[in-house]
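Got the viewer open and the sequence panel showing? Here's a walk through some spots to click on, one selection at a time.

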Amino acid sequence: MTDPAAAWPDGPVRLDNVLVPSGGTASGPTPLGDADGFERGSLAIRDGLFAEPRGDETVLDLGGAVLLPAFVDCHTHLDKGHIWPRCPNPDGTFVGALEAVRADRTAHWAQADVAGRMGFSLEAAYAHGTTAIRTHLDSGDHRMETSWAAFAEARDAWAGRITLQAAALTTLEDVHSDAFERIADLVAAHGGVLGAVTYPLPEMAARLDRFFQLAAERGLDADFHADESLNPESNTLLEIAEARRRNRFEGRVLCGHCCSLSILPEDEADRTMDTVAEAGLDIVSLPLCNMYLQDRHAGRTPRFRGVTLVHELKARGVNVSFASDNTRDPFYAYGDLDMAEVMREASRIAHLDHPVADWPASFAANPARALGLEGGTLAPGAPADAVLFPGARGWTELNARPHTDRVVIRDGRPIGAAPPSYARLDAALTADTETP
């Protein structure tokens, strides 16, 4: 096949002989379905938007290549990204990650440091085909001002390329304090999302009530790191769902991780998922980071995956997404904010196949909905933001390789961007930095 980016014409274009997820928008005289849940047809792009073909477009025959909507990454940690070279996790455990990040944050997180690493991460995400990102920002002490200022700088710099949201990462231990109110005020001032890590605490119902009260008073959505462990005594996901209903909280509520749900007794897991569905929570699974951290013990092969019950949640009508989570920091030593990698690995880890059905939506349309954004589709009238995989003619070929030949399309045109070289981080990661 001729390089589609090199052959891309000016003016309206018709992408012919393209493979899109079934139920998408491919049209043509005889769309051909396949067993994996894709269909072959045509898509037009006109004035930066997807459109129905009408016959006056320049035709590009794509030979059955897969076309997906641009990705939406709804759970990341841009403030921590890429600190691994100067601050590795000593043993790969969750506790080791907490301690390593705390030390690095104290020593290095001046605004220039955080902003530089954020920018590097966003360049990579943009080149890989991501159009929107939510990042969590550590917000438990006076240094939170630094991270939020760096985020505001990045959001302005990347406007029009990547839509950025931020959620405060806190705990509920001090939710009744003035300090937590100041966090909520800071989040509101930045147009952010109020977030928290939840694990078993005394008087959890009262803590969650106060959290939702603070969010509601400021018109904020909520985002939780829920039950990020394999502790069968941890089921704060159920408590979040009950608190959302009890408080009649009208904002969106996204819950990430939910690892312990996978090892609860079946009746308790069923009751929890039923309540999550009734409460209208969105769920995001982070399989790469969770498999890296969960059930890690020196000299012992892990027994549990730490991946939440995505099939059972989806079957109940819950909006389920997948996301990158951490990248090259003590919580996860790998990753590049490449949602195609997340999709490839999640498909294997969580068995998103046989049939593939509508699982591709969990990397675009579903997270967009969870973030309150439009997009993530190939529908006529939607922005022509997509990722074309010239070397993939179906699900198995798509997930068999990294596809560095992908063509990222934004506003109807290939962007021609490449991920930045890691060498660019060397100076920033080794520089002497004054304590913030």
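Start by selecting Asn319 and Arg369: their side chains make a polar contact at 2.7 Å. (A polar contact here is a pair of N or O atoms within 3.5 Å; within protein, one must be able to donate a hydrogen and the other to accept it, and residues adjacent in sequence count only if both atoms are side-chain atoms.) Before going further, a word on what you're looking at: this is a predicted model, where local features need pLDDT of at least 70 and side-chain atom pairs count only at pLDDT 80 or more, while totals for chains, interfaces and linings use all residues. Residues are numbered from 1 along each chain as its sequence is written, and side-chain values use heavy atoms, with hydrogens and water left out.

**Stay on Asn319**

Now show the backbone of Asn366. Its oxygen lies 3.0 Å from a polar atom of the Asn319 side chain. Asn319 itself belongs to strand 13, residues 319–322. (Helices, H or I with at least four residues, and strands, E with at least two, are DSSP runs numbered from the N terminus.)

Is Asn319 buried or exposed? It is buried, because its relative accessible area is 7%. (Buried means under 20% relative accessible area, exposed means over 50%, and partly exposed is in between, using a 1.4 Å probe and protein chains only.) To see what surrounds Asn319, leave aside neighbours within four places in sequence and select Leu281, Asp282, Ile283, Asn366, Arg369 and Ala370, which are in contact with Asn319. (Contact means heavy atoms within 4.5 Å.)

**Over to Ala277**

Next, pick Ala277 in helix 8, residues 266–279. With a relative accessible area of 30%, Ala277 is partly exposed. Not counting residues up to four places away in sequence, Ala277 touches Arg316 and Val318. Try a distance label too: the C-alpha atoms of Ala277 and Leu313 are separated by 7.6 Å, though the two residues are 36 apart along the chain.

**Ala333 in its loop**

Click Ala333, in the loop between strand 13 and helix 11 (339–349). Ala333 counts as buried, since its relative accessibility is 12%. Add Trp84, Tyr292 and Arg328 to the selection; Ala333 touches these, not counting residues up to four places away in sequence. For another distance label, go from Ala333 to Cys289: they are 44 residues apart along the chain, with C-alpha atoms separated by 8.7 Å.

**The loop with the odd backbone angles**

Move on to the loop between helix 11 and helix 12 (365–370), where you'll find Pro355. Which way round is the peptide bond from His354 to Pro355, cis or trans? It is cis, with omega near 5°.

His354 sits in that loop as well. Its phi is positive, about 55°, although His354 is not a glycine. At 73% relative accessibility, His354 counts as exposed. His351, also in the loop between helix 11 and helix 12, has a positive phi of about 60° although it is not a glycine. His351 is partly exposed, at 47% relative accessible area.

**Helix 6 and what it packs on**

Select residues 204–218 to light up helix 6. Its 15 residues, at 1.5 Å a residue, should span 21 Å, and the end C-alpha atoms are 22 Å apart, which agrees. (The expected span is 1.5 Å times one less than the number of residues.)

Which residues of helix 6 are buried? Colour Met204, Arg207, Leu208, Arg210, Phe211, Phe212, Leu214 and Ala215. The buried residues of helix 6 pack against helix 5 (178–189), strand 9 (194–198), strand 10 (222–226), helix 7 (236–246) and strand 11 (253–257). Just after helix 6 comes Gly219, with a positive phi near 70°.

From there, hop to Thr236 in helix 7. Thr236 counts as buried, at 1% relative accessibility. Not counting residues up to four places away in sequence, Thr236 touches Thr198, Tyr199, Pro200, Met204, Ala226 and Asp227.

**Last stop: what lines the pocket**

Select helix 2, which gives the most to the lining of the largest pocket, with 6 residues. The lining residues divide into 12 nonpolar, 13 polar and 12 charged. (Ala, Val, Leu, Ile, Met, Phe, Trp, Tyr, Cys and Pro count as nonpolar, Asp, Glu, Lys and Arg as charged, and the others, Gly among them, as polar.) (On a 1 Å grid over the protein atoms alone, a pocket is an open set of points where a 1.4 Å probe fits, with protein on both sides within 12 Å along at least five of seven lines; lining residues have an atom within 4 Å of a point.)
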